Amino acid sequence: MKMKKSIKLLSGLLSVILVAGTLAGCGGKSAAEQSSAGVSSGTAVQSTGAEATAVQSGGEEKTLVAVMWGEQARWDAQKKVNDAFSQKYPNLKIDLQTLPNDTYWTKLQTMIAGGTPPDIAFMQEMLTPTYQAKGIMADLTDYMGKDTEFKKDCMPEGMYGPFTVDGKLYAMPTMTFVNVLFYNKDIFDKAGIPYPDENYTWDTLRDTAKQLTKDTNGDGKIDQYGFSFGAWPNFIFPYIWANGGEFVKDDRKTSVLNSAENVQTFQYLHDLIWKDKVTPSAAANKSNAFDFANGNIAMFDLGSWNVAVYDDKKINYGITLTPKAPNGGRVVNTFPNGWFIVNQSENKEDAWKYLAFNVSEEGQKVAAEGKVGMPANTQIAKSDAYLKSSTTPGVDLGVTLKSAEISRGAYTTSNWSEIESKIWPEFDLIWTKENADVKAVLDSVQTKLQAKVNEAK
Amino acid sequence: MKKPNNSRERRNLLTGLAFIAPNFIGFLIFSLIPVGASLVLSFSNWDLISPPEFIGIGNYKELFTADPLFWKVLWNTVRYCLMAIPGMMILALLLALLVNQRLRGRMIYRFIYFLPVVTSSIAVSIVWTWMFNTDFGLINQFLSIFNVPSINWLADERTAMVAIATVGIWSSAGYNMVLFLAGLQAIPRQLYEACEIDGGGTIRKFTSVTIPMLTPTTFFVLVMSIINSFQVFDYVYMMTGGAPNNTTKSIVSYIYDNGFQFFKMGNASALSWVLFLIVFSLTYVQFKMQDKWVEY
């Protein structure tokens, strides 16, 4: 009898432990997340007591949480910037949380919604209207005004543009990328064709590409293409702009997709794939075996972040300006990145110090040497720290400076990700169809695009 | 449940409850409460950050009247089901019949056919994406033997869903095979003997014994296949991302887009409930109809 009772007691105990274990399991996880999200960044509970006094005295150590997407090279460089920052401000540490590009935005939103917001987060120009409208980006104008050490003219005025909404700055641009024409020197040398240069037009690009599109092993299939481009907004826009067209106008309210210029632009790109056959048909395909890194594309219109990538892969490449449109126009896309202070953060003053440090000559030099892109700071962008940062012989990053002078960003709306996901795929009707009626597609997309733009806040 | 009338019974009840508690609490926290919350959220506008705003049936109204993509993804999902479900059931039955034979090394065949079920769908998608590659893919290589011009499988509106359904069939046939195999082995031998005595041949035995006796299994497999196929997501996400022109985007990938790309949680919740109602009604109809064809 006693035995039975103790067995029952034991089983009861066990189940209690199990339940407690389950609960502690979830509780433990969130506690760990909170601590990793920074001692003083999150909830009211955390900022009481010692932490609160630390803020005032400024003497005790504090950890700011920063979240960033990117590649390993960029994160490594940012960590060096953070070390330099902590040397200047010994009581401030940066906990850099790195996230893959595709989960970054989800994680950022759930951190904020879950009450453990980061203090500082990375931003790109196209989504600035979206996140500004959600009220998670702190207005930097006041901090900038109060900081006597900060020099606003350390970078060209135009750098601030993409992060400015209604005249107020919401993120501090730290670097930018531009799209440039990458070319594979080995392919050109083998064919005995001179490297592409700044005089290239859409026509010369196509003609050279024709000479470089080859069936090298004679099996009846092309295994080297002359040219390729990405069918993504950032890489199609420069063609639209260069040819005098526009996607959404600068009022961010009117779409003008089906203009005559745009029909010509899309027709040119379509023909590269289907008529001239110098671009792989799977340009927009996920399983694209043709890739600049595989050495089977002679010229590729790509973002300048690939300098670091192809340096690492030891590809013998060069870069030059993208070709001119028939009207002589040349515009490239700029991909500025910057830091913003999360509105829900309780360490905004300290976060500002971090933002200011990032664009100071000291911080920018460290970043430039780590090949994280073209520094926002004019002095550093023109210094060898940046211009000579590629390890591939002959790669002149001065090209990116020239490109930056003729660069711009797109006029996006607060529902941009929806436009990109719902409207943009309609262009597949151009990229994937040999007999595409470009005008008809653009007419139909124009209607849908305007309707979506009207929905934006 | 009978009301406990003495202390021992009450203790027994408590012990029992304590035993189911871990599972039940887990179910409550990770399933029931979120499901309930999503129903409430489906009547609101919520972007995860600003507080939810109650908008009545606004989300449902938008889906049915103002969102052409909703109808498109619904049709995509139905197309996927129409292609995948017959395929996965017929293939599974054939495989089950095959590995039910007394052939040498049949355990190895069973093992091989079941492998896709336990393989990570991400790995499966990547391998199949390469098989379907236009320029270097195995499938186009194979077809080129018969002078079929190379097909742009995943980027052509006409073939992209076929490709995804093929992967769906390939990866779930093994699981259904095991179910059919169990069903086959539960058929009493004497029924076949009786059929033989009546002069029935192989085909007659299949149509008059195997098929009717398998109907309970077939019913189960059909119901589960429909439920699973309506929720297709991973192959779409990995292989095409919904391209070309959103012709492979399924309901679940649209829910994902709405929730975690556009951060419209209300829309995503409403979509989930619409999907639930579709699957629920289909299952309900099937249970109602089973008297007509399922033999027990």
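This short presentation covers the contact between chains A and B, followed by several buried sites in the two chains.

Good morning, colleagues. Please keep in mind throughout that the structure before you is a predicted model.

I begin with the interface. On the chain A side, 36 residues are in contact with 44 residues of chain B. The area buried between the two chains is about 3400 Å², and carbon and sulfur atoms give 56% of that area. As for specific interactions, three salt bridges are counted between chain A and chain B. One of them joins the side chains of A:Lys134 and B:Asp47, with an N to O distance of 3.8 Å. Between these chains there are also six residue pairs in polar contact, counting those with both residues at pLDDT 80 or more.

Which helices of chain A each supply at least two residues of the side that touches chain B? They are helix 1, spanning 2-36, helix 4, spanning 104-113, helix 18, spanning 416-423, and helix 19, spanning 428-431. Helix 1 of chain A provides the largest share of that side, namely seven residues. By residue class, the side of chain A that touches chain B consists of 14 nonpolar, 12 polar and 10 charged residues.

Let me now turn to a residue of helix 18. A:Glu418 is located in this helix of chain A. Is A:Glu418 buried or exposed? Its relative accessible area is 5%, and the cut-off for buried is under 20%, so A:Glu418 counts as buried. Setting aside residues up to four places away in sequence, A:Glu418 touches A:Ile423, A:Lys452 and A:Glu455 in chain A, and B:Phe262 and B:Lys264 in chain B. The C-alpha atom of A:Glu418 is separated by 21 Å from that of A:Pro238, a residue 180 residues apart from it along the chain.

A:Pro238 brings us to helix 10 of chain A, where it is one of the buried residues. This helix covers residues 233-242, and 10 of the 10 are buried, so the helix is largely enclosed by the rest of the structure. Among these buried residues are the aromatic side chains of A:Phe235, A:Phe237, A:Tyr239 and A:Trp241, together with A:Asn234, A:Ile236 and A:Ala242. Helix 10 is followed by A:Gly244, which has a positive phi, near 85 degrees.

Two threonines of chain A deserve a place in this account. A:Thr400 is found in helix 17, residues 398-405, and is buried with a relative accessible area of 1%. Its contacts, leaving aside neighbours within four places in sequence, are A:Val178, A:Val180, A:Ser304, A:Ile319, A:Met374 and A:Tyr386. A:Thr412, by contrast, lies in a loop, the one between strand 14, residues 407-408, and helix 18 of chain A. A:Thr412 is likewise buried, with a relative accessible area of 1%. Not counting residues up to four places away in sequence, A:Thr412 touches A:Glu125, A:Met126, A:Pro129 and A:Arg252.

I close with the cysteines. How many disulfides does a search of the whole structure find? The search finds zero over all chains. Two cysteines may be noted individually. A:Cys154 is buried, with a relative accessible area of 15%. B:Cys81 also counts as buried, at 6% relative accessibility.

Thank you for your attention.

Terms used. Residues are numbered from 1 along each chain as its sequence is written. Chains are lettered from A and ligands numbered from 1 in the order in which they are written. This is a predicted model: local features need pLDDT of at least 70, side-chain atom pairs count only at pLDDT 80 or more; totals for chains, interfaces and linings use all residues. Side-chain values use heavy atoms; hydrogens and water are left out. Buried means under 20% relative accessible area, exposed over 50%, partly exposed in between (1.4 Å probe, protein chains only). Helices (H or I, at least four residues) and strands (E, at least two) are DSSP runs, numbered from the N terminus. A disulfide is a pair of cysteine sulfur atoms within 2.5 Å. Contact means heavy atoms within 4.5 Å. Buried area is the accessible area (1.4 Å probe) that two parts lose on being put together, summed over both. A salt bridge is a side-chain nitrogen of Lys or Arg within 4 Å of a carboxyl oxygen of Asp or Glu. A polar contact is a pair of N or O atoms within 3.5 Å; within protein, one must be able to donate a hydrogen and the other to accept it, and residues adjacent in sequence count only if both atoms are side-chain atoms. Ala, Val, Leu, Ile, Met, Phe, Trp, Tyr, Cys and Pro count as nonpolar, Asp, Glu, Lys and Arg as charged, and the others, Gly among them, as polar.
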